[in-house]
Each structure stands twice: as structure tokens, then as C-alpha cells.
Amino acid sequence: MSERKQKRRQTRDIEQLPAGDRASRNIYDIYDEESPIAVEFRRAYAKLSYRMKQENRRCFLFTSAMPGEGKSTAASLMALTIARYRNTKTVLVDADMRRPSIHRMFDLKPRHGLSEALLGEADIIDTVRDTRYDNLKVITCGKHVSGPTILLQADKVAEVLSELKFYFDTVLLDTTPVLPVSDAAQLASETDGVLFVVMAGVTQRDVVQRATQILKDGRVDIMGLIVNNASQVLPYYYSYNYYDYKY
Ligand SMILES: Nc1ncnc2c1ncn2[C@@H]1O[C@H](COP(=O)(O)OP(=O)(O)O)[C@@H](O)[C@H]1O
Ligand SMILES: [Mg+2]
């Protein structure tokens, strides 16, 4: 692709949009298959899928140190990438019971979802929602609960995840940040690994270290680091980048 064409494409990327627009746009509008972001996510998935096959891992959680670093956007983009390029059944679950956003990303009206399944009020399979892609399904957060940490601790979580792993090839969970609340670290120990989102130029190194240490202390494997270039401190083609996890 010529540089001019690439630049034009880039203007359609989310970092070019005013904040108001970003918030109101759903992921289908944001996702452009030929954009640098889509390319990065395909690369990230190629790396991840290699380890998925080698190590038989199929259930991943997206988190970050702090709110607003791009977890839900990254989880949705990864879910779309898998659905578009692999013919495997994928489900994206909104497990952020404090600031749920997956229903908005996928243009769905809030309905019963994960919280009802964990409370034993619905079967998790009955909470699965269709998206525009046949092989991508979504489970929204469900009704507001006053004690999400307790709910996410229950044995029911393992039961729900193993049921989802029975029906789907890949299970992705979008959740809360690690530092303010313990939901993500608890939930992560029930998954096959974490994809950790860092906002380039914003997230402080010691904050990232503290958050990743909490996960490691919980014996959680960090499978990859997704560097979100929302603040544009990196060249544009780093819009979203993914590195093997190392310090
Ligand atoms: N690369 C990016 N460029 C521009 N805006 C972004 C980018 N990533 C996320 N955002 C915006 O920042 C806000 C927070 O992102 P979100 O994915 O909801 O973060 P989190 O789930 O970590 O709280 C949203 O309005 C989202 O559209
Ligand atoms: Mg979020």
C-alpha cells in the first residue's frame, strides 16, 4: 500500500476521532480491516494462536493497571480479529461488572448476562448473544450487582468458564483494571492467561510493575503485552502493538 493511501486509512483509525465520537462509535465502525490496527491485531493473534496450539490454552482475560487504558477496545478488536480470520467459534464475555461496555461496543441492548449466570438465575448458554459475525458471540455483563468481587470469587465462575470452553474454541474476558479492585486478579487465575494492556506514554512503569506483580503472585501467566498508542507517543503504525512479555 502506498504511503498516501496508508495515511488516508489511518485517518479512519480510532485515535483520529474526537473523544465524543469514539465513545459513541461501536466496534464495527471502528474496525477497518486494512488499517494498521487491524494488521497489528492479526500479528498479535498469530503469536497468540501459536502458543494456544502448543500449550492448549483457550481462555484469556484482558486487563491493565488502571481504568481507561483500552482494555475493552483491545478485547473487542481481538475478538473481531479471531472471528474474521479464523474459522473458530469465539465468545467475548463482559466481566467488568463495575464499568461494563461490551454491550455498547457491539450495539446490544443490556439484557441478562454474566451476573445472572453467576447468581444461578440463568444458564450461561442462554445469555449468549449474536453479533454481525456468525462465529463471534458476546455475553454482556448482566444486571448490576452490589458485590462483584464476591460474585467473581464463587465456584460458579469455574463452572461457567468450563461450560463456555465446551461450546467455544476461544473464550475472551474483558474485565476491570488490576490496581483499584481485585476482580481481575481473581478471575485471571481461572483462565489460561492474561493479555495486559498498557497505554504508551501514560501508564507509569512502576504502576505496570505493581499490577503485573499482583498477577504473578496469583500465579497468573501474562501471555502478552498490548501497547495502546492512544496518546500517539509512538509512530502511528504502533497504534496497537503487541510484544512478548518481558522486562
Ligand atoms: N488507541 C486508542 N485511540 C483512541 N482512543 C482510544 C484508544 N483505545 C481506547 N480509546 C478510547 O478510550 C476510552 C477508554 O477505552 P476502553 O477500551 O473503554 O478502556 P478500558 O476498558 O481500559 O477502561 C474509550 O472511549 C475508547 O474508545
Ligand atoms: Mg473497559
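# Close-up views of a predicted model

**View 1. Helix H5, its length and its surroundings.** Helix H5 has 15 residues, which at 1.5 Å a residue should span 21 Å, and its end C-alpha atoms do sit 21 Å apart, so the two agree. This is a predicted model, and that holds for every view below. H5 covers residues 71-85. Look around the helix and you'll find 13 of its 15 residues buried, so H5 is largely enclosed by the rest of the structure.

**View 2. The largest nonpolar core.** Here we're looking at a set of 66 residues, the largest nonpolar core in the model. Which element gives the most to this core? Helix H5 does, with eight residues. The residues with the most contacts inside the core are Met78, Ala79, Val93, Val171, Leu172 and Val194. Pick out Val93 and follow its contacts: setting aside neighbours within four places in sequence, Val93 touches Leu114, Ile139, Val171, Leu172 and Leu173.

**View 3. Strand S6, buried from end to end.** Strand S6 takes in residues 193-199. Seven of its seven residues are buried, so S6 is largely enclosed by the rest of the structure. Its side chains split into two sets: Gly193, Leu195, Val197 and Met199 point one way, while Val194, Phe196 and Val198 point the other way. Are these residues buried or exposed? All of them are buried, whichever way they point. Val194 also turned up in View 2, among the residues with the most contacts inside the largest nonpolar core.

**View 4. S6 and its partners, S1 and S7.** Strand S1 (59-64) runs parallel to S6, and five bridges join the two. One place to spot this pairing is Phe62, whose bridge partner in S6 is Leu195. Now turn to strand S7, residues 222-228. S7 also runs parallel to S6, with six bridges joining them. Leu195 shows up again here, standing opposite Gly224 in S7. Further along, Val198 stands opposite Val227. As for S7 itself, five of its seven residues are buried, so this strand is largely enclosed by the rest of the structure.

**View 5. From S6 to S7 by way of helix H11.** What kind of unit do S6, helix H11 and S7 make? Together they form a right-handed β-α-β unit, with H11 covering residues 205-217. Between H11 and S7 there's a loop, and Arg219 sits in it. Arg219 isn't a glycine, yet its phi is positive, about 55°. That's worth a glance, as most residues other than glycine have a negative phi. Arg219 counts as exposed because it has 8 other C-beta atoms within 10 Å, and the cut-off for exposed is 12 or fewer.

**View 6. Helix H4 and the residue that follows it.** H4 has 20 residues and reaches 29 Å from its first C-alpha to its last, close to the 28 Å expected at 1.5 Å a residue. Which residues of H4 are buried? They are Pro36, Ile37, Ala38, Glu40, Phe41, Ala44, Tyr45, Leu48 and Met52. After H4 comes Asn56, with a positive phi near 50°. Asn56 isn't a glycine either, and its place is in the loop between H4 (36-55) and strand S1. With 8 C-beta neighbours inside 10 Å, Asn56 counts as exposed.

**View 7. Two serines, Ser101 and Ser162.** Ser101 is in the loop between strand S2 (90-94) and helix H6 (102-105). Because it has 18 other C-beta atoms within 10 Å, Ser101 is partly exposed. Apart from neighbours within four places in sequence, Ser101 is in contact with Ser72 and Asp96. The C-alpha atoms of Ser101 and Thr73 are separated by 9.2 Å, though the two residues are 28 apart along the chain. Ser162 lies in helix H9 (residues 156-167). With 12 C-beta neighbours inside 10 Å, Ser162 counts as exposed. The C-alpha atoms of Ser162 and Cys59 are 9.4 Å apart, with their positions 103 residues apart along the chain.

**View 8. How confident is the predictor?** The chain averages a pLDDT of 86, and 84% of the residues score at least 70. Where does pLDDT stay under 50? Residues 6-22 are such a stretch, and the model has 22 contacts beyond four places in sequence for them.

Technical notes. Residues are numbered from 1 along each chain as its sequence is written. Chains are lettered from A and ligands numbered from 1 in the order in which they are written. This is a predicted model: local features need pLDDT of at least 70, side-chain atom pairs count only at pLDDT 80 or more; totals for chains, interfaces and linings use all residues. Helices (H or I, at least four residues) and strands (E, at least two) are DSSP runs, numbered from the N terminus. A residue is buried if 20 or more other C-beta atoms lie within 10 Å of its own, exposed if 12 or fewer, and partly exposed in between; C-beta atoms are placed from the backbone. Two residues are in contact if their C-beta atoms, placed from the backbone, lie within 7 Å. pLDDT is the predictor's confidence in each residue, from 0 to 100. Two strands pair if DSSP finds at least two bridges between them. A crossover is right-handed if, with the strands pointing away from the viewer, the path from the first strand over the helix to the second runs clockwise. The expected span of a helix is 1.5 Å times one less than its number of residues. A nonpolar core is a set of buried Ala, Val, Leu, Ile, Met, Phe, Trp, Tyr and Cys residues joined through C-beta atoms within 7 Å.
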